[in-house]
Amino acid sequence: MTHTVDVEQALGELPELCALLPDALTSGPDPWGGGRTGASSGTPLRLDVLQLLDTRDTTGWLDGMEFCDPDGVGVLPFLWGWCRDLASDLFDTCPGEVKELPEQPTLTAVTDWLTQHLPLIRGTAQWPEFEWGVLRVHRQVRAAVRHLKEPSPAVPCPRCGTGPLEAPAPDEPLWVCRPCGHEVTIQAVTLRQASRLVDVPERTLRDWASRPGLLSPVAEGPRRRLFDLGQIRRLAAERKLRAML
């Protein structure tokens, strides 16, 4: 099944995907074609990952987008170059609708700025090139970290209470308890993704996740926790109901 994304989804996923790049720097497919995967002291640095991690801003303020190519610059300077280029045009055409650029060009700040201004960016002449570039960078980062292990489930089976629920296949909502065979449909999402889907501020979701017994992750891994979207929807509905009383 082909995994298709739009620009907004790609921008939302990039910070989390890029957080896995350091782990991918010395792990992955055998560069000599042997098919070996995994980290090893004898594995050389992956140049494709090193390139994506390159944080040097080689675009220059006056150079336009000519040198902002996903093949020649890291993810952050590539997106930061777009921020500066688009901000210059948007401030001229619709100054009252454009927010100031982030003081510190972190990946999260840059992707948030671009996401907030997508309605305006779609109306610019740069949109086709911008869309192509963001989607290509997203594909490159996703491919670079694809071999890393997915987070392991940490939820006990609700039927037998002992066996952990496991996702038999990546991106599948059906999770299975191998000891007893019980099946549960869980749509695992990050808090950032859930915030957009249920229209609840991400900081509120993080507060729920910090409270014991209120919202527990269904899977945990390095730099990422996944939560059951169904549980978040229920908590959001209860929150809305309390506000109406």
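What separates Trp-127 and Phe-130 in helix α7? They lie 3 residues apart in that helix, so about one helical turn separates them. The views below start from this pair; please keep in mind that the model is predicted.

**Figure 1. Ring pairs join Trp-82, Trp-127 and Phe-130 into a cluster.** The structure holds 2 aromatic pairs. In one of them, the ring centres of Trp-82 and Phe-130 are 5.3 Å apart and the planes stand at 80°, so this pair is edge-to-face; the cut-off for that label is over 60 degrees. It links distant parts of the chain, with Trp-82 in helix α4 (residues 75–93) and Phe-130 in helix α7 (residues 127–145), 48 residues apart. Trp-127 and Phe-130 form a tilted pair, with 5.8 Å from centre to centre and 45° between the planes.

**Figure 2. How buried are the rings of Trp-127 and Phe-130?** Trp-127 has a relative accessibility of 14% and therefore counts as buried, since the cut-off is under 20%. Phe-130 has 0% relative accessibility, so Phe-130 counts as buried too. Trp-82, the partner of Phe-130 from helix α4, is likewise buried.

**Figure 3. Helices α1 and α7 cross with a left-handed sense.** Here the axes of α1 (residues 7–18) and α7 come within 9 Å and cross at roughly 35°. On the α1 side, the residues that meet α7 are Val-7, Ala-10, Leu-11, Glu-13, Leu-14, Leu-17 and Cys-18. Their counterparts in α7 include Trp-127 and Phe-130 from the ring cluster, along with Glu-131, Val-134, Leu-135, His-138 and Arg-142. Sorted by class, this contact of α1 with α7 has 13 nonpolar, 1 polar and 3 charged residues.

**Figure 4. Helix α7 and its cover.** At 1.5 Å a residue, the 19 residues of α7 should span 27 Å, and the end C-alpha atoms are 27 Å apart, which agrees. The buried residues of α7 include Trp-127, Phe-130, Gly-133, Val-137, His-138, Val-141 and Ala-144. Cover for the buried residues of α7 includes α1, α2 (21–24), α3, α4, α5 and α6.

**Figure 5. Helix α4, home of Trp-82.** Helix α4 has 19 residues and reaches 27 Å from its first C-alpha to its last, close to the 27 Å expected at 1.5 Å a residue. Among its buried residues are Val-75, Pro-77, Phe-78, Trp-80, Trp-82, Cys-83, Arg-84 and Leu-90. What covers the buried residues of α4 includes α1, α3 (47–53), α5 (107–116), α6 (118–121) and α7.

**Figure 6. A close-up of Ser-195 in helix α8 (residues 191–198).** Is Ser-195 buried or exposed? With 16% relative accessibility, Ser-195 counts as buried, because the cut-off is under 20%. Setting aside neighbours within four places in sequence, Ser-195 is in contact with Val-200, Pro-201, Glu-202 and Leu-205.

**Figure 7. The whole chain, for orientation.** The protein chain contains 10 helices and 7 strands. Of its 245 residues, 41% count as buried. Among contacts in the chain with a separation of 6 or more, 52% come from residues 24 or more positions apart. The link between Trp-82 and Phe-130, 48 residues apart, joins distant parts of the chain.

Key:
Residues are numbered from 1 along each chain as its sequence is written. This is a predicted model: local features need pLDDT of at least 70, side-chain atom pairs count only at pLDDT 80 or more; totals for chains, interfaces and linings use all residues. Side-chain values use heavy atoms; hydrogens and water are left out. Rings of Phe, Tyr and Trp (its six-membered ring) pair if their centres lie within 6.5 Å; planes under 30 degrees apart count as stacked, over 60 as edge-to-face and the rest as tilted. Helices (H or I, at least four residues) and strands (E, at least two) are DSSP runs, numbered from the N terminus. Buried means under 20% relative accessible area, exposed over 50%, partly exposed in between (1.4 Å probe, protein chains only). Axes are lines fitted to C-alpha atoms, for helices over the stretch in contact, and angles run from 0 to 180 degrees between N-to-C directions. A crossing is left-handed if the near helix is turned anticlockwise from the far one by less than a right angle, and right-handed if clockwise. Contact means heavy atoms within 4.5 Å. Ala, Val, Leu, Ile, Met, Phe, Trp, Tyr, Cys and Pro count as nonpolar, Asp, Glu, Lys and Arg as charged, and the others, Gly among them, as polar. The expected span of a helix is 1.5 Å times one less than its number of residues.
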